[in-house]
Amino acid sequence: MDKRFIVLVWILLIGVGLSFVFKPVDIDSGIDERVLNLPREPGIYKSKDIELEDRIYDILETKNVVMRHYFKEGELPILFYLIFSKKTHKTSDPPENCLSGEGRAIISKELVELPGFNFPVNKLLVEKSGIKDMYLYWFIAGDEFFDNYVGQRLKLIMSYLKRCPQSGGQIRISTEVTKNNEQAAMKRLEEFIAEMMPYLKELLK
């Protein structure tokens, strides 16, 4: 009888321990002030928000989603897209998945270094119906930028298992490539990132 009691107690203790370990951790998908504070008119840029349907927020499971066109006089517009969560273990898919689903062909992909910054980003060249666009994107996990989805995913999952979920997100900017002038498109994106980077780094705090 005593042995059965001891076994039962151990089973209960193990059950309590497992329930603590695997109990879902609270995920914060509320509005983040850092996202709200992203400037609509950085430097000499103007902007116009793209309205998103409620189902987009539901799919991404966060309210911190920004899709916005930025305009600089005499230049083609830049599309800025941010997905961000204050505390999460999930990640958004790499843009290639979404772009391919929209019928865009991925012409090339490579890592490039941004002038003045110590991390690489992904560069995509895509085409649809004869129109080419250049994309730069990277990921956020806690206090770091990541160039790859796997690294971000591992950090967020490990933090979640330690019951200390961190912020996560994806930053994507793009512009049209005209007359096959990739250098001009890249220059536009680099100048825009240089203007926005101080505000984007606030997402790492």
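Ala, Val, Leu, Ile, Met, Phe, Trp, Tyr, Cys and Pro count as nonpolar, Asp, Glu, Lys and Arg as charged, and the others, Gly among them, as polar. The views below show a predicted model.

**View 1. The second largest pocket and the residues that line it.** This pocket has a volume of about 220 Å³. Its lining is made up of 15 residues. Arg40, Asp49, Val65, Val66 and Arg68 are the ones that lie nearest the centre. By class, the lining of the second largest pocket has 9 nonpolar, 1 polar and 5 charged residues. Which elements each supply at least two residues of this lining? They are α2, which spans residues 33-36, and β2. Strand β2 gives the most to the lining of the second largest pocket, with 5 residues.

**View 2. The largest pocket, with a volume of about 910 Å³.** The lining of this pocket holds 40 residues, and Leu60, Tyr81, Ile83, Cys98 and Arg172 are the closest to the centre. Several helices and strands each supply at least two lining residues. The helices are α3 (54-60) and α4 (95-101). The strands are β2 (64-71), β3 (78-88), β6 (131-141) and β8 (166-177). Sorted by class, the residues lining the largest pocket are 17 nonpolar, 13 polar and 10 charged.

**View 3. The ring pair of Tyr70 and Phe192.** The structure holds 10 aromatic pairs, one of which is shown here. A pair of aromatic rings is described by the distance of the centres and the angle of the planes. For Tyr70 and Phe192 the ring centres are 4.9 Å apart and the planes stand at 50 degrees, so the pair counts as tilted. Where in the chain do Tyr70 and Phe192 lie? Tyr70 is in strand β2, whereas Phe192 is in helix α6, which covers residues 182-200. The pair links distant parts of the chain, with the two positions 122 residues apart. Tyr70 counts as buried because its relative accessibility is 1%, and Phe192, also at 1%, counts as buried too. Ring pairs join Tyr70 and Phe192 with Tyr45 and Phe80 in a cluster.

**View 4. The loop position of Pro39 and its contacts.** Pro39 is placed in the loop between α2 and β1, the latter spanning residues 46-49. Is Pro39 buried or exposed? Its relative accessibility is 15%, and under 20% means buried, so Pro39 counts as buried. Neighbours within four places in sequence aside, Pro39 is in contact with Arg68, Tyr70, Met196 and Tyr199. Of these, Tyr70 also takes part in the ring pair of View 3, and Arg68 is among the residues nearest the centre of the second largest pocket in View 1. Pro39 and Tyr199 are 160 residues apart in sequence, yet their C-alpha atoms are 7.8 Å apart in space.

**View 5. Ser129 in the loop between β5 and β6.** Strand β5 covers residues 120-128, and Ser129 is found in the loop between this strand and β6. Phi of Ser129 is near 55 degrees, a positive value in a residue other than glycine. Because its relative accessibility is 72%, Ser129 counts as exposed.

**View 6. Lys179 and Asn180 in the loop between β8 and α6.** Lys179 lies in this loop, as does Asn180. What is the phi of Lys179? The angle is near 55 degrees, a positive value in a residue that is not glycine. Lys179 has a relative accessibility of 84% and so counts as exposed. Asn180 has a relative accessible area of 55%, which makes it exposed as well. Asn180 and Asp133 are 47 residues apart in sequence and 9.9 Å apart in space, C-alpha to C-alpha.

**View 7. The whole chain, for orientation, with 6 helices and 8 strands.** Read along the sequence, the elements follow the pattern α-α-β-α-β-β-α-β-β-β-β-α-β-α. The chain has 205 residues, and 40% of them are buried. Among contacts in the chain with a separation of 6 or more, 63% are between residues 24 or more positions apart. The area exposed by the chain is about 12,200 Å², and carbon and sulfur atoms supply 57% of it.

Terms used: Residues are numbered from 1 along each chain as its sequence is written. This is a predicted model: local features need pLDDT of at least 70, side-chain atom pairs count only at pLDDT 80 or more; totals for chains, interfaces and linings use all residues. Side-chain values use heavy atoms; hydrogens and water are left out. On a 1 Å grid over the protein atoms alone, a cavity is a set of points where a 1.4 Å probe fits but cannot get out, and a pocket is an open set with protein on both sides within 12 Å along at least five of seven lines; lining residues have an atom within 4 Å of a point. Grid points are joined across faces, edges and corners, and a volume is the space filled by probe spheres set on the points. Helices (H or I, at least four residues) and strands (E, at least two) are DSSP runs, numbered from the N terminus. Rings of Phe, Tyr and Trp (its six-membered ring) pair if their centres lie within 6.5 Å; planes under 30 degrees apart count as stacked, over 60 as edge-to-face and the rest as tilted. Buried means under 20% relative accessible area, exposed over 50%, partly exposed in between (1.4 Å probe, protein chains only). Contact means heavy atoms within 4.5 Å. Accessible areas come from the Shrake-Rupley method with a 1.4 Å probe; for residues, only the protein chains shown count as cover.
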